[in-house]
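Welcome! Let's take a friendly walk through this structure, starting with one helix and then stepping back to the whole chain.

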Amino acid sequence: MSFYIASSPHSHFNRTTQNIMQLVLFAMVPGVIAQLYFFGWGVLFQLTLAISVALLAEAAVMLLRDRPIKPALNDYSAVVTAALLAVSIPPLAPWWLIVVGTLFAILVVKHVFGGIGQNIFNPAMAAYVMLLISFPVQMTSWMPPALPGYTAPNFIDSLWLFLTTFTTDGYSLEQARLVELSGSLDAMVMATPLDYIKTELGQGYTLQETLQSDLFSIFAGAGWQWVNFAYLAGGLILLQQRVITWHIPTALLGTIGLGAIIGTIVAPDTLPGFNIHVLSGGAMLAAFFIATDPVSAATSNKGKIIYAALIGALIYIIRTWGGYPDAVAFAVLLANLCVPVIDQYTRPRVYGHGGAR
């Protein structure tokens with residue numbers, strides 16, 4: 001049995017796993033702040049509980065495997081996994097949902113395969129898909145973003161919704177949005193802009209009619225567009241710090257964009273354009289923070305482009321013709337399965353071999 005790594009010559013970069021993971025967390029800060037602003041305190045609750053559970057699970061596994069606990073906790077890999085899952089699920093999803101998802105990500109997806117560096121799937125996305133399939137109602141109960149005319153639940157009500165699924169006044173999540181203009185209580189829990197588009201088009205509305213909803217703003221989904229811009233800013237930090245390279249973000253977003261441009265030309269009344277695809281869902285988070293996972297992604301530069309282009313193509317295909325409006329997690333997992341084959345056929349020649357004779 002052969003063990004292949006990237007070909008020589010090898011360059012050495014004086015940066016530890018701990019340092020890389022800390023930079024990733026730092027780069028996520030703009031996106032998290034945007035989510036807090038538009039979707040309320042629930043994002044903070046999800047992050048706090050997810051990180052706590054991830055660290056406890058990591059420590060427990062290290063103890064059971066009779067391995068040092070402190071180094072495993074200090075590399076921040078469990079924290080990054082927890083953070084990616086926490087920002088991907090609805091902010092006011094019940095507390096047990098993030099606990100189940102985080103435990104699955106750390107205990108099953110990561111450590112069943114041998115721990116850090118051994119998992120073949122992205123742990124956060126595998127956990128997300130498990131939760132979506134197992135608990136579809138809770139995983140699609142998004143509050144609408146903070147828009148003019150609406151009042152988001154305050155800190156205490158958000159905490160009670162997170163812990164008990166009811167506010168202090170006894171309102172459920174579906175009743176938690178107050179419409180200030182009418183003074184009435186409306187059921188305002190809804191799906192994402194991408195899901196709204198898919199639903200409205202399925203009922204016979206045109207794309208132009210659908211985009212007239214308050215859910216959409218200048219560029220794309222109201223609130224969602226600024227969250228995506230914030231994660232873009234964080235991604236540029238990762239590029240500037242050389243934590244990631246340009247290959248995966250460019251290929252992923254470029255493939256989605258190419259599909260959207262072709263779709264707009266072929267069916268402008270039914271297929272959303274480039275701005276909707278990259279700014280209304282999880283495309284930016286996927287391009288810079290999820291698909292770039294060094295363990296489950298391809299290794300060579302050519303392989304990274306193929307891998308990311310496959311993710312982008314799958315995202316567009318599933319969004320357009322599949323049953324899930326935002327296909328990031330499914331696309332990433334399917335591409336993870338293809339990484340060994342991609343690496344096999346894109347591995348560079350060994351230095352000093354294969355040249356002119």
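Our first stop is helix 12, whose buried residues are covered by, among others, helix 13 (274-279), helix 14 (283-290) and helix 15 (301-321). Keep in mind as you look that this is a predicted model.

Which residues of helix 12 are buried? Near the start of the list come His 247, Ile 248 and Pro 249, followed by Ala 251, Leu 252 and Leu 253. The list goes on with Ile 256, Gly 257, Gly 259, Ala 260 and Gly 263.

The length of helix 12 can be checked too. Helix 12 has 20 residues (residues 247-266), and at 1.5 Å a residue they should span 28 Å. The end C-alpha atoms of helix 12 are 28 Å apart, so the expected span and the model agree.

Now turn to helix 5 (residues 95-110), where you will find Thr 102. Is Thr 102 buried or exposed? Thr 102 counts as buried because its relative accessibility is 2%, and the cut-off for buried is under 20%. Leaving aside residues up to four places away in sequence, Thr 102 touches Ala 50, Val 53, Ala 54, Ala 82 and Leu 85.

Finally, step back to see the whole chain. It holds 16 helices and 3 strands, and 50% of its 357 residues count as buried. Take the contacts between residues at least 6 apart in sequence: 74% of them join residues at least 24 apart. On the outside, the chain exposes about 17,400 Å², with carbon and sulfur atoms supplying 65% of that area.

Notes:
Residues numbered from 1 in each chain as written. Predicted model: local features only at pLDDT ≥ 70, side-chain atom pairs only at ≥ 80, totals over all residues. Heavy atoms only, no water. Helix = DSSP H or I, 4+ residues; strand = E, 2+ residues; numbered from the N terminus. Buried < 20%, exposed > 50% of the residue type's maximum accessible area, 1.4 Å probe, protein only. Contact = heavy atoms within 4.5 Å. Areas by Shrake-Rupley, 256 points an atom, 1.4 Å probe, with all protein chains shown as cover. Expected span 1.5 Å × (residues − 1).
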